[in-house]
Amino acid sequence: MKYISTRGQAPALNFEDVLLTGLAADGGLYIPETLPTFSAEEIAAMAELDYPQLAQKIIAPFVGDCIPEADLQEILQDTYADFRHDAVAPMVQIDSNQWVLELFHGPTLAFKDFALQLLGRLLDYVLERKHQKVVIMGATSGDTGSAAIEGCKRCNNIDIFILHPHGRVSDVQRKQMTTVAGDNIHNLAVQGNFDDCQAMVKASFNDRSFLPEDRSLVAVNSINWARIMAQIVYYFYSAVALGAPARKVAFSVPTGNFGDIFAGYLAHKMGLPVERLIIATNRNDVLHRVMTSGSYGRQPLEHSLSPSMDITVSSNFERLLFDLYQRDGAAIAGLMSDFDNGDVHFNDEAMAAARELFSSQRVSDEETCAQMAATWDSCEYMLDPHSAIGVKAAADADVPAGVPVITLATAHPAKFPGAVAEAGLDDEPFLPHHLRDLFDRPERCEVLPNELGAVQAFVAENLNA
Ligand SMILES: Cc1ncc(COP(=O)(O)O)c(C=O)c1O
Ligand SMILES: N[C@@H](CCOP(=O)(O)O)C(=O)O
């Protein structure tokens with residue numbers, strides 16, 4: 001399997017090399033040159049597989065001969081063994097036609113664990129064999145950070161630096177990152193917003209001269225292909241559980257960086273019959289505006305009750321654009337450079353193609369709270385604010401009668417007790433047992449100004465030998 005850049009200029013890589021990088025050298029994102037596809041019979045047979053077995057089926061073609069099948073199988077079994085539910089990704093029916101896919105049974109209570117528990121193990125496996133040390137830089141609006149730290153904390157060959165917007169993640173999210181002990185783990189609270197943090201990580205990939213020559217820089221954000229790859233699995237898993245391929249399903253996906261929903265798009269291209277992918281945004285609605293107007297432009301970032309989706313530069317949208325523009329790397333490079341300088345208007349053919357599969361909804365904080373309350377009242381099911389945005393968007397979307405809609409529940413409500421209280425639910429969300437003493441654990445975190453130089457200097461000075 002070869003991976004090519006969305007901007008057409010960087011060299012093609014194999015799986016191992018794409019795992020050990022982030023942005024491509026031309027500033028683009030890596031994407032498989034071709035996708036594996038599954039026939040209706042093969043998809044029907046997936047109903048017999050448990051989660052790690054299904055993951056092996058979906059992921060093995062992407063890994064190719066970089067990791068022997070038996071080793072990959074062992075890694076995948078180990079990855080999902082510690083999830084707190086035997087089904088790994090169970091589903092709950094909350095309405096006559098609505099299901100919630102619970103993606104928060106991993107160690108850090110968010111969907112990021114599905115990919116980052118795997119990514120940590122893959123990196124460990126590859127780096128041990130290569131006797132190589134790497135530096136990880138990641139940006140988080142709350143969930144990627146703790147999932148990445150949790151996934152990588154045992155890797156001796158990794159120094160990990162996670163940038164989060166100072167004071168803009170929930171207390172639980174911050175504690176989940178800053179209480180993990182380890183000389184190789186560094187939390188940087190940047191005096192800016194998530195977009196600033198993400199821009200600094202991307203700038204570091206574009207100019208790595210602040211690092212020693214023998215240290216590669218690796219991404220844990222969804223710019224790393226392995227993140228997307230791992231997230232494809234649960235689309236197949238949930239759709240097959242509801243009768244695919246005989247029955248089409250729709251998905252509603254709370255969206256920020258467009259990584260999770262892009263995995264759903266790939267599942268569709270790989271043969272899964274998906275009726276619709278609903279882009280569910282909070283008030284940071286750049287993707288909703290693209291879908292409704294065709295215009296893609298920067299807007300000031302606003303803080304909301306769903307902080308993990310407070311993102312206005314949606315990295316993975318570039319991966320979709322690459323397909324919408326017939327995989328023309330030069331066209332994508334031009335569009336992205338226009339975007340850096342102002343608004344971009346996508347052509348009508350590209351938007352028409354996008355609208356065949358995608359629709360979008362924007363959900364305000366008030367509607368988020370109302371949905372949390374309504375779902376609690378109707379079936380005593382507690383949604384976190386991000387998942388509530390997905391459920392509200394699913395309810396409002398135009399999906400043909402009889403097509404079940406699966407909302408991706410991307411985080412556990414106990415990560416956002418403030419939002420639960422604001423929604424007026426008459427029950428409190430409890431952290432699972434392994435996190436009950438979270439607030440008694442000591443924190444380690446460095447507050448840094450919103451300056452690339454300060455961040456890069458901190459990274460360079462704090463590398464382990
Ligand atoms: C809880 C939660 N929901 C939804 C999202 C959005 O996912 P994506 O960025 O892949 O669109 C994120 C993070 O981005 C998140 O942490
Ligand atoms: N919502 C994320 C932001 C980073 O997105 P990613 O999927 O590209 O890692 C977070 O919670 O950190």
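Why is strand β5 (residues 134–139) largely enclosed by the rest of the structure? The close-ups below, all taken from a predicted model, start with that strand and then move on to its partners and to ligand 2.

**View 1. Strand β5 and its surroundings.** Of the 6 residues in β5, 6 are buried, so the strand is largely enclosed by the rest of the structure. Burial here means that 20 or more other C-beta atoms lie within 10 Å of a residue's own. Have a look at the two faces in turn: Val134, Ile136 and Gly138 are buried on one side, and Val135, Met137 and Ala139 are buried on the other.

**View 2. β5 beside strand β6.** Strand β6 covers residues 158–165 and runs parallel to β5, with 6 bridges joining the two. A handy place to start is valine 134, which sits opposite isoleucine 158 of β6. Follow the chain and you meet helix α6 (residues 143–152), which together with β5 and β6 makes a right-handed β-α-β unit.

**View 3. β5 beside strand β8.** β5 is also joined to strand β8 (residues 216–219), by 4 bridges and again in a parallel arrangement. To find your way in this view, look for valine 135, whose bridge partner in β8 is leucine 217.

**View 4. The shell around ligand 2.** Ligand 2 is surrounded by 13 residues, and the closest are Thr140, Asp143, Thr144, Asn221 and Ser222. Helix α6, met above in the β-α-β unit, supplies the largest share of this shell, with 3 residues. What classes of residue make up the shell around ligand 2? There are 12 polar residues and 1 charged residue, with no nonpolar ones.

Methods:
Residues numbered from 1 in each chain as written. Chains lettered and ligands numbered in written order. Predicted model: local features only at pLDDT ≥ 70, side-chain atom pairs only at ≥ 80, totals over all residues. Buried ≥ 20, exposed ≤ 12 C-beta atoms within 10 Å, placed from the backbone. Pairing = 2+ DSSP bridges. Right-handed = clockwise from strand over helix to strand, strands pointing away. Near = placed C-beta within 6 Å. Nonpolar A, V, L, I, M, F, W, Y, C, P; charged D, E, K, R; others polar.
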